[in-house]
Amino acid sequence: MIPDLSVAAAGVTNKMFASAKQMPYRVWITGIRIERLQDISDEDCLREGVCYLPEIDRYYFERKDKEQGFYFNSPREAFAALIDKVSGKGTWNSNPFVVVYEFEVMQ
């Protein structure tokens, strides 16, 4: 009988137990700080998943190949809508403290 490794084996459901050679990318933490959510910069909004569509001079966070989209005048407006969608309505307005990790991807 072959055991069901998808359930029983450590590392299958928890990457903490995976060996380093199985992880194609590694990160080097270069900084950690605490700030308010609304202190995010335009540049950081773009790093967090907001994209710019130059053809219409708008920012968005949905796939641009969809007929419907969410388009905004600034990266912060788009990020505010994105964070409310991901973390629950009202998250942006409550302006919670967040932990910011700065890192470099290493190969």
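What is the volume of the largest pocket? In this predicted model, the largest pocket comes to about 510 Å³.

**The pocket**

The lining of the largest pocket takes in 18 residues, and those closest to its centre are I40, D44, E48, V100 and Y101. Four elements give two or more residues to this lining: β1 (26-36), α2 (42-47), α3 and β5 (97-106). Strand β5 provides the largest share, 6 residues. By class, the lining holds 11 nonpolar and 7 charged residues. Polar residues are absent from the lining.

**Overall layout**

The protein has 107 residues, of which 21% count as buried. Its secondary structure comes to 4 helices and 5 strands. Read from the N terminus, the elements follow the order α-β-α-β-β-β-α-α-β. Consider contacts in the protein with a separation of 6 or more: 54% of them join residues 24 or more positions apart.

**The nonpolar core**

The largest nonpolar core is made of 13 residues. V50, F79 and W92 have the most contacts inside this core. Helix α3 (residues 75-87) gives the most to the core, with 5 residues.

What does F79 touch, leaving out residues up to four places away in sequence? The list is L37, I40, C45, E48, V50 and W92. F79 therefore touches both V50 and W92, and these three residues are the ones with the most contacts inside the core. Two of the residues touched by F79, I40 and E48, are also among the residues closest to the pocket centre.

**The three-stranded sheet**

Strands β2, β3 and β4 form an open sheet in the order β2-β3-β4, with antiparallel pairing. Why is one side of β2 (51-53) and of β4 (71-72) left without a neighbour in the sheet? Both strands stand at the edges, and each has a single partner strand, so one side of each stays without a neighbour. Strands of a sheet pair through backbone hydrogen bonds. Between β2 and β3 (residues 58-60), the antiparallel pairing runs over 3 bridges. Y52 has Y59, in β3, as its bridge partner.

**Two loop residues with positive phi**

D57 and N95 each show a positive phi in a residue other than glycine. D57 sits in the loop between β2 and β3. N95 sits in the loop between α4 (91-94) and β5. Are these residues buried or partly exposed? D57 counts as partly exposed, whereas N95 is buried. The cut-off for buried is under 20% relative accessible area, and N95 has 18%.

| Residue | Phi | Relative accessible area |
|---|---|---|
| D57 | near 55° | 43% |
| N95 | near 50° | 18% |

**R36 and its surroundings**

R36 lies in strand β1. With a relative accessible area of 32%, R36 is partly exposed. Which residues does R36 contact, leaving aside neighbours within four places in sequence? They are N95, P96, F97 and V98. N95 is the loop residue with a phi near 50°.

R36 and W92 are 56 residues apart in sequence. In space, their C-alpha atoms are 9.8 Å apart. W92 is one of the residues with the most contacts inside the largest nonpolar core, and W92 is also touched by F79.

Note on methods
Residues numbered from 1 in each chain as written. Predicted model: local features only at pLDDT ≥ 70, side-chain atom pairs only at ≥ 80, totals over all residues. Heavy atoms only, no water. Core = buried A, V, L, I, M, F, W, Y, C linked by side-chain atoms within 4.5 Å. Buried < 20%, exposed > 50% of the residue type's maximum accessible area, 1.4 Å probe, protein only. Contact = heavy atoms within 4.5 Å. 1 Å grid on protein atoms, 1.4 Å probe; cavity = no way out; pocket = protein on both sides within 12 Å on 5 of 7 lines; lining within 4 Å. Points joined across faces, edges and corners; volume = space filled by probe spheres on them. Nonpolar A, V, L, I, M, F, W, Y, C, P; charged D, E, K, R; others polar. Pairing = 2+ DSSP bridges.
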